[in-house]
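Hi,

Here is the structure I said I would pass on. Have a look at it first, and then read my notes below.

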Amino acid sequence: MSHEAQISRNNPTAFLFVVDQSGSMSDRMSIGKSKAEFVSDALNRTLMNLIGRCTKSEGVRDYFEVGVIGYGGQGVDNGFSGSLGSRVLNPVSAIEQNPTRVEDRKKKMDDGAGGIVETSVKFPVWFEPRADGGTPMRSALAKAAEEIAAWCDAHPESYPPTILHVTDGESGDGDPEEIAANLGQLSTNDGPVVVMNIHVSALGADTIKFPGSESGLPDNYAKMLFRMSSSLPPHLAAFAKEKGYNVTSESRGYMFNAEAGEIVDFFDIGTRASQLR
């Protein structure tokens with residue numbers, strides 16, 4: 001069986017987010033924020049959750065290495081900046097220590113007496129929203145493959161890396177499916193890399209969550225992204241079921257026309273790797 005290796009500081013795993021930052025990501029979602037703004041918020045919140053899962057009494061343990069690749073009008077860029085910008089994959093302890101900035105945000109909470117009170121909370125930001133230019137998806141996935149191949153060579157006994165790709169449009173620099181197939185063939189001794197795609201589509205169609213085949217998908221591009229996605233490993237499928245998703249043994253790590261809640265869930269499910277030790 002694969003995808004069962006325990007995760008430890010000696011054998012960490014890696015999460016690499018690949019985020020579309022093309023001009024169409026400026027389109028507004030039903031919640032009022034642009035796609036770029038919401039994906040940025042969801043990703044920054046996911047980074048906070050990853051840090052929380054690695055925090056023990058003595059500090060943050062480096063169970064994970066995490067990176068972000070953005071692609072759009074500026075080409076393919078490291079999604080981190082400052083001291084994190086010199087490499088794509090960074091230990092989670094370095095991420096905890098180096099947010100780009102910390103915002104004060106308002107959060108509504110239960111006051112314990114049946115009412116709601118608004119309070120101020122600190123919100124670290126590592127990844128900034130951006131939306132401009134074209135969609136060099138093939139180049140972005142090629143960069144991801146380069147980084148992940150080197151990581152797998154350096155960590156042969158580790159739980160394999162996970163790629164979480166967010167896009168809302170078609171590739172502008174050629175067919176990405178071949179590159180995605182190469183990504184899916186990379187592996188550690190514990191199994192192949194997990195490739196997950198979330199399609200924030202402009203089509204006015206219903207959300208399709210973790211499908212088991214491409215037959216019900218609305219266009220060729222959605223079908224291609226489905227083919228580019230890995231089958232869900234059993235423990236990820238189990239976690240998706242716990243969240244209420246209808247998942248089968250055929251389900252792949254793909255969502256079509258995802259809205260705000262599904263994007264948050266997708267990141268949460270995709271980053272639930274094996275046991276931490």
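**Around helix H7**

Let's start with Asn-257, which sits in the loop between strand S14 (254-256) and H7. Keep in mind that this is a predicted model. The phi angle of Asn-257 is near 55°, a positive value in a residue other than glycine. Asn-257 is also buried, with a relative accessible area of 10%.

From that loop you can move on to H7 itself. Nine of the eleven residues of H7 are buried, so the helix is largely enclosed by the rest of the structure. The buried ones are Ala-260, Glu-262, Ile-263, Asp-265, Phe-266, Phe-267, Asp-268, Ile-269 and Gly-270. Two of those names, Phe-266 and Phe-267, come back in the next part.

**Aromatic pairs**

How many aromatic pairs does a search of the whole structure find? There are four. One of them joins Phe-17 and Phe-267: the ring centres are 5.3 Å apart and the planes stand at 85°, so this pair is edge-to-face. Phe-17 belongs to strand S1 (residues 13-21) and Phe-267 to helix H7 (residues 260-270), so the pair links distant parts of the chain, 250 residues apart. Both Phe-17 and Phe-267 are buried.

Another aromatic pair is made by Phe-210 and Phe-266, and this one is stacked, at 6.3 Å centre to centre with 10° between the planes. Phe-210 is in the loop between strand S13 (208-209) and helix H5 (220-227), while Phe-266 is in helix H7, so the pair ties together parts that are 56 residues apart in sequence. Both Phe-210 and Phe-266 are buried. If you follow the ring pairs, you'll see Phe-210, Tyr-245 and Phe-266 linked into a cluster.

Phe-210 is worth a click for its backbone too: its phi is near 50°, a positive value in a residue other than glycine. With a relative accessible area of 1%, Phe-210 is buried.

**Two residues in strand S12**

Next, please find Met-196 in strand S12. At 0% relative accessibility, Met-196 counts as buried. Which residues does Met-196 touch, once its neighbours within four places in sequence are left aside? Its contacts are Thr-162, Ile-163, Leu-164, His-165, Phe-210, Leu-232, Leu-236, Gly-253, Phe-266 and Gly-270. That list includes Phe-210 and Phe-266, the two partners of the stacked pair. Measuring along the chain and through space, Met-196 and Thr-13 are 183 residues apart in sequence and 16 Å apart, C-alpha to C-alpha.

His-199 is also found in strand S12 (residues 194-199). Is His-199 buried or exposed? It counts as buried, at 3% relative accessibility. The C-alpha atoms of His-199 and Thr-167 are separated by 5.3 Å, with their positions 32 residues apart along the chain. Setting aside neighbours within four places in sequence, His-199 is in contact with Thr-167, Asp-168, Tyr-221, Ala-222, Leu-225, Tyr-254, Met-255, Phe-256, Asn-257 and Ala-258. So Asn-257, from the start of this email, is one of the contacts of His-199.

**Helices H3 and H4**

Now for a pair of helices. The axes of helix H3 (residues 137-154) and helix H4 (residues 177-185) come within 9 Å and cross at roughly 15°. H3 and H4 are therefore roughly parallel to each other. The crossing in which H3 passes H4 is left-handed. Which residues meet there? From H3 there are Arg-138, Leu-141, Ala-142, Ala-144, Ala-145 and Ile-148, and these meet Glu-178, Ile-179 and Leu-183 in H4.

**Cysteines**

Last, the cysteines. A disulfide is a covalent bond between the sulfur atoms of two cysteines. How many disulfides does a search of the whole structure find? It finds zero. Cys-54 is in no disulfide, and the nearest cysteine sulfur, that of Cys-152, is 18 Å away. For a disulfide the two sulfur atoms would have to be within 2.5 Å. Likewise, Cys-152 is in no disulfide, its nearest cysteine sulfur being that of Cys-54. Cys-54 counts as buried, at 0% relative accessibility, and Cys-152 is buried with a relative accessible area of 6%.

Happy browsing!

Technical notes: Residues are numbered from 1 along each chain as its sequence is written. This is a predicted model: local features need pLDDT of at least 70, side-chain atom pairs count only at pLDDT 80 or more; totals for chains, interfaces and linings use all residues. Side-chain values use heavy atoms; hydrogens and water are left out. Buried means under 20% relative accessible area, exposed over 50%, partly exposed in between (1.4 Å probe, protein chains only). Rings of Phe, Tyr and Trp (its six-membered ring) pair if their centres lie within 6.5 Å; planes under 30 degrees apart count as stacked, over 60 as edge-to-face and the rest as tilted. Helices (H or I, at least four residues) and strands (E, at least two) are DSSP runs, numbered from the N terminus. Axes are lines fitted to C-alpha atoms, for helices over the stretch in contact, and angles run from 0 to 180 degrees between N-to-C directions. Angles under 35 degrees count as roughly parallel, over 145 as roughly antiparallel, 65 to 115 as roughly perpendicular and the rest as oblique. A crossing is left-handed if the near helix is turned anticlockwise from the far one by less than a right angle, and right-handed if clockwise. Contact means heavy atoms within 4.5 Å.
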